[in-house]
Amino acid sequence: MGLLSHRVERSEIRPGDHIYTWRAGYTYSHHVPLKGIYVGGSKVVHFTRKKEAGTTGLDSAVAVSSILSQGSDECPTFPDCGFQLPDSGVILTCLDCFLRGGALHRFEYGAPPAVFLAKLRGGTCTTARADEPELAVHRAMHLLQNGFGDYDVFENNCEDFALYCKTGLLPAAVAAGDDDEMGPGGIGRSGQAASAVGVPLAALFSTPLKLLAAGPLGMAAVTAGVYCAGRYITDIGVRKDVVKVEVEHLSAHLGWRLAEAQGRNWA
């Protein structure tokens, strides 16, 4: 397990693995990293924005559409690559289109706290234990047909989707339908989101301690320590406000929230 990530070969992944690829270096953006559940047969189920009318509206479909623009009528690997229901952000793509030439990495579960804290960035491992691989595949395929709510870069992103498929865990407030509760400190559910805001928050809140640190190295050490501690307390394997939610119940819950939102818009 590397300090940045855990790179693997295609021959090493198995159905039910939580995989990801970096898009443009080891920094966060909507495209970096892209995460999903490998369901076997060289196919990945992952989560992005819902498709807009007349457009693909999704990250991986950009890869698919770029292939199509090169003269092919369909993905050269699988005809069903890019399958996505109209009002859902959950999509099925082939492994080639998911990676888009990037390296393949596997997200690690059950990481010891020392290993988790030693990681140089978030979104590559969790202390939480994963369920059986077959259950992860079942959840991913079920959500492909039923959706995972609205995509939000901080509150409900591709890592949140993959973490749920692997563990069945959600913050209790989210499972109860409380849209106003994001988690400890107002940070989103995933290590990906925590990583995105963790560095600036660490720099901000560690400022008084920096006055006691000797020189730039001391300042950097204090900031890194606060950052790692922040990632740790937001990890889904550490948080005490998470509950196990059956995927069938989750789908019904998300459908109810969608209907409720539509009702408010019509009122």
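## Strands S1, S2 and S3

Gly36 of strand S2 has His46 as its bridge partner in S3. This pairing comes from a predicted model, in which four bridges join S2 to S3 (residues 43–47) and the two strands run antiparallel. Two residues separate the strands in this hairpin, where Gly41 takes a positive phi near 60°.

S2 has another neighbour to look at. Strand S1 (residues 18–21) also pairs with S2 in the antiparallel sense, again over four bridges, and here Tyr20 is partnered with Lys35 of S2. S2 itself, spanning residues 34–40, is mostly covered, with seven of its seven residues buried.

## Helices H4 and H5

Helix H4 covers residues 133–146, which makes 14 residues, and reaches 20 Å from its first C-alpha to its last, close to the 20 Å expected at 1.5 Å a residue. If you follow H4 along the model, you will find Ala136, Val137, Arg139, Ala140, His142, Leu143 and Leu144 buried. Just after the helix, Gly147 takes a positive phi of about 85°.

Helix H5 (residues 158–167) is largely enclosed by the rest of the structure, because ten of its ten residues are buried. Among them are charged side chains such as Glu159, Asp160 and Lys166, alongside Phe161, Leu163 and Tyr164. At the N-terminal end, Asn157 acts as the cap of H5, with a side-chain oxygen 3.0 Å from the backbone nitrogen of Glu159. Just after H5 comes Gly168, with a positive phi of about 75°.

## Salt bridges

Side chains of opposite charge can pair when their charged atoms come close. A search of the whole structure finds ten salt bridges. One of them links Lys43 and Asp80, whose closest N and O atoms are 2.8 Å apart. Lys43 sits in strand S3 and Asp80 in the loop between helix H1 (59–68) and strand S4 (90–94), so this pair ties together parts that are 37 residues apart in sequence. Asp80 is partly exposed, with a relative accessible area of 32%.

Asp150 and Lys50 also meet in a salt bridge, at 2.6 Å from N to O. Asp150 belongs to the loop between H4 and H5 and Lys50 to the loop between S3 and H1, so the pair ties together parts that are 100 residues apart in sequence. Lys50 is buried, with a relative accessible area of 18%. Arg239 and Asp241 form another salt bridge, with their closest N and O atoms 2.7 Å apart; Arg239 is buried at 7% relative accessible area, whereas Asp241 is partly exposed at 29%. Finally, a network of salt bridges links Asp17, Arg106 and Glu108.

Notes. Residues are numbered from 1 along each chain as its sequence is written. This is a predicted model: local features need pLDDT of at least 70, side-chain atom pairs count only at pLDDT 80 or more; totals for chains, interfaces and linings use all residues. Side-chain values use heavy atoms; hydrogens and water are left out. Buried means under 20% relative accessible area, exposed over 50%, partly exposed in between (1.4 Å probe, protein chains only). A polar contact is a pair of N or O atoms within 3.5 Å; within protein, one must be able to donate a hydrogen and the other to accept it, and residues adjacent in sequence count only if both atoms are side-chain atoms. The expected span of a helix is 1.5 Å times one less than its number of residues. Two strands pair if DSSP finds at least two bridges between them. A salt bridge is a side-chain nitrogen of Lys or Arg within 4 Å of a carboxyl oxygen of Asp or Glu.
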